[in-house]
Amino acid sequence: MQDDGSTKNRHTFVRSLDQWSQYHINAVLVDTPYDLGDLQRGDLRDRSDHLERVHEVVSHYQDKYHLPIWIFGHSMGTSTATNFANRLDKNSHLISGIIIAGTVRTASIDESVSMPILALHHVQDSCSGTPPDASARIVNKRPSQFVSKLEMIDGGISEGDVCQSFAYHGFNQTEPELIKRAAKFILSN
């Protein structure tokens with residue numbers, strides 16, 4: 001991301017950013033100024049300084065708009081979303097829910113996290129770091145009294161590296177369905 005908010009990145013969230021408005025939902029992209037690793041080099045998304053930056057952004061929008069805030073992570077971003085939720089005090093009302101998509105296999109949610117969770121995954125995601133059972137595992141391990149849902153998306157096309165944004169992993173050409181399902185879950189919870 002550039003200082004003016006623009007980007008040349010073609011990530012799933014960048015490609016679908018304008019689709020949230022049809023559901024009357026404002027979406028904010030959050031970037032980091034440093035490398036947070038990956039599954040091969042080590043995932044650094046549990047670092048306190050990283051999670052404090054996420055907290056600052058969430059707090060800013062909570063203070064500014066006084067509206068429900070949901071955190072949505074894709075791929076390695078699911079590690080940020082789950083780590084952030086796991087570190088919140090169980091009585092915190094800072095975020096209203098979590099959406100994870102193309103969940104990384106190392107992501108997990110503590111049993112004490114009571115907010116609603118939606119896990120989205122592409123049926124044909126063949127990235128070894130984000131198998132469909134990673135999303136299913138999070139939903140299936142949740143206590144039954146908490147709202148949790150797994151939705152599988154099919155269709156689209158896959159181009160290039162299976163772990164990148166133009167593959168099934170990145171919901172390539174199924175972005176409208178991805179946003180629709182996420183928006184419906186947010187609005188119903």
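**The second largest pocket**

Begin at the second largest pocket of this predicted model, which holds about 190 Å³ of space. Select Asp89, Lys90, Ser92, Ser114 and Met115: of the 13 residues lining the pocket, these are the closest to its centre. Colour the lining by class, and five nonpolar, six polar and two charged residues appear.

Keep Lys90 selected. Lysine 90 belongs to the loop between helix 3 and strand 4. Is lysine 90 buried or exposed? Its relative accessibility is 64%, and because this lies over the 50% cut-off, lysine 90 counts as exposed. To place lysine 90 in the wider fold, add serine 48 to the selection. The two residues are 42 positions apart in sequence, and their C-alpha atoms are 18 Å apart in space.

**Helix 3**

Next, select residues 77–87, which make up helix 3. This helix is mostly covered, with nine of its eleven residues buried. The buried residues are Thr78, Ser79, Thr80, Ala81, Thr82, Asn83, Phe84, Ala85 and Asn86. Follow the chain out of helix 3 towards strand 4, and the loop that holds lysine 90 comes into view again.

**The four-stranded sheet**

Now display the strands as a cartoon and select strands 3, 4, 5 and 6. They form an open sheet in the order 3-4-5-6, with parallel pairing. Strand 3 and strand 6 are the edge strands, each pairing on one side only. Neighbouring strands in this sheet are turned against each other by 15° on average, direction ignored.

Start at one edge with strand 3, residues 70–74. How many of the residues of strand 3 are buried? Five of its five residues are buried, and the strand is mostly covered. Show the side chains and inspect both faces: Trp70, Phe72 and His74 lie on one side, Ile71 and Gly73 on the other, and all are buried.

Move across to strand 4, residues 97–101. Five bridges join strand 3 to strand 4, and the two strands run parallel. Two residue pairs are convenient to select here. Phenylalanine 72 has isoleucine 99 of strand 4 as its bridge partner, while glycine 73 stands opposite isoleucine 100 in strand 4.

Continue to strand 5, residues 117–122. Strand 4 pairs with strand 5 over four bridges, again in the parallel sense. For one contact between them, select alanine 101 and its bridge partner in strand 5, leucine 120.

Why is strand 5 described as largely enclosed by the rest of the structure? Six of its six residues are buried, so the strand has that description. Show the side chains to see the two directions: Ile117, Ala119 and His121 point one way, Leu118, Leu120 and His122 the other, and all are buried.

Finish the sheet at strand 6, residues 148–153. Six bridges join strand 5 to strand 6, which run parallel. Leucine 120 serves as a marker once more: its bridge partner in strand 6 is glutamate 151.

**The disulfide**

Select cysteine 127 and cysteine 163 and show them as sticks. They form a disulfide, with their sulfur atoms 2.1 Å apart. The count for the model comes to one disulfide. Where in the chain do cysteine 127 and cysteine 163 lie? Cysteine 127 is in the loop between strand 5 and helix 4 (132–140), and cysteine 163 is in the loop between strand 6 and helix 5 (175–188). The pair links distant parts of the chain, with the two positions 36 residues apart in sequence.

Zoom in on the bond itself. The angle about the S-S bond is 100°, and the link is right-handed. Then compare the surroundings of the two cysteines. Cysteine 127 has a relative accessible area of 8%, and because this is under the 20% cut-off, cysteine 127 is buried. Cysteine 163 has a relative accessibility of 29% and therefore counts as partly exposed.

**The N-terminal segment**

For the last stop, select serine 6, in the segment before helix 1 (12–16). Serine 6 has a relative accessible area of 33% and is partly exposed. Add arginine 105 and draw a distance between the C-alpha atoms. Serine 6 and arginine 105 are 99 residues apart along the chain, and their C-alpha atoms are separated by 30 Å.

Key: Residues numbered from 1 in each chain as written. Predicted model: local features only at pLDDT ≥ 70, side-chain atom pairs only at ≥ 80, totals over all residues. Heavy atoms only, no water. Buried < 20%, exposed > 50% of the residue type's maximum accessible area, 1.4 Å probe, protein only. Pairing = 2+ DSSP bridges. 1 Å grid on protein atoms, 1.4 Å probe; cavity = no way out; pocket = protein on both sides within 12 Å on 5 of 7 lines; lining within 4 Å. Points joined across faces, edges and corners; volume = space filled by probe spheres on them. Nonpolar A, V, L, I, M, F, W, Y, C, P; charged D, E, K, R; others polar. Disulfide = S-S within 2.5 Å. Axes fitted to C-alpha atoms, helices over the stretch in contact; angles between N-to-C directions.
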